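Colleague: I should be grateful for a close look at a single part of this model, namely one helix and the aromatic residues associated with the structure. Please set out the reasoning together with the values.

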Amino acid sequence: QQSGVSVGPAEMARVQAAIDTAYDVRTLRAVGVSTIAAGLDPRHVTALQQWYDSPTGKAVTRLEEASSAGDIDPQAYLREGQAMLASMPEKRRALLHELLVVTRSAEGLVDMVINAAVGAHAGIVSVVPGQQHSPDDLRALLEAQRPQLIQAYSAVSMAGFAKVYAPLPDDQLARYVDFLRTDAGRHFTEVGMSGLQKAMTDATTGFWRAVAARPPAGE
């Protein structure tokens, strides 16, 4: 719209189809799993299996899976999480903050946001040349704002944690934090984040490649 390019219903339908294809959950999952499998250090597999086979590991997994199932209103979800944070005991809030630190959730979200923005901008340049700023300029601009972004996404992560792990007792939450502090836990966090970043980066690249491809004449 800002470029003044008129987009008709057929083109909008093509873009929507490109979104559906690029961000299909099966594709995202396949990329994530293959990236994790390739990066996983065999030395940690036994410890990881023991954790995820444990009662607490299974409970955590169920909660995390449930949080990503179905349609969720993100704004309402965050408001509820923020309200829960404000009223919960300090001990519980401190455990969630430890989880935030050990998972590097805010840093990972900021990396994802920056990479997605830069990838999207690169795609826009390929479709509508002559943009004022290059993708490198945009990355530098966003990196300069990293401290503010980390602060903002820390608050988002904490609210999300409050909602996701609400049914988990303090002792189990503490065991989860302790596991994530182990060598196996830290390693799995790193490869898991790599899988997520790879999946989203590939999806963004694929989307803009599809958008840039001109349909045959008459379509």
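Modeller: Rings of Phe, Tyr and Trp, the last represented by its six-membered ring, are taken to pair if their centres lie within 6.5 Å. The model is a predicted one. One aromatic cluster is formed by Trp-51, Tyr-52, Phe-161, Tyr-165, Tyr-176, Phe-179 and Phe-188. Of these names, Phe-161 also appears among the buried residues of helix H9.

Helix H9 comprises 19 residues, 146-164. At 1.5 Å a residue it should span 27 Å, and its end C-alpha atoms are 26 Å apart, so the expected and computed spans agree. The buried residues in H9 include Leu-149, Ser-154, Met-158, Ala-159, Gly-160, Ala-162 and Val-164.

Ser-157 is likewise located in H9. Its relative accessible area is 6%; because buried means under 20%, Ser-157 falls in that class. With neighbours within four places in sequence left aside, Ser-157 is in contact with Leu-100, Ser-105, Ala-106 and Leu-109.

As to aromatic pairs, a search of the whole structure finds eight. One of them joins Phe-207 and Trp-208, with 4.9 Å centre to centre and 70° between the planes. Planes over 60 degrees apart count as edge-to-face, and the pair of Phe-207 and Trp-208 is therefore edge-to-face. Both partners are buried: Phe-207 has 9% relative accessibility, and Trp-208 has a relative accessible area of 17%.

How values were computed:
Residues numbered from 1 in each chain as written. Predicted model: local features only at pLDDT ≥ 70, side-chain atom pairs only at ≥ 80, totals over all residues. Heavy atoms only, no water. Phe/Tyr/Trp six-rings, centres within 6.5 Å; stacked < 30°, edge-to-face > 60°. Buried < 20%, exposed > 50% of the residue type's maximum accessible area, 1.4 Å probe, protein only. Helix = DSSP H or I, 4+ residues; strand = E, 2+ residues; numbered from the N terminus. Expected span 1.5 Å × (residues − 1). Contact = heavy atoms within 4.5 Å.
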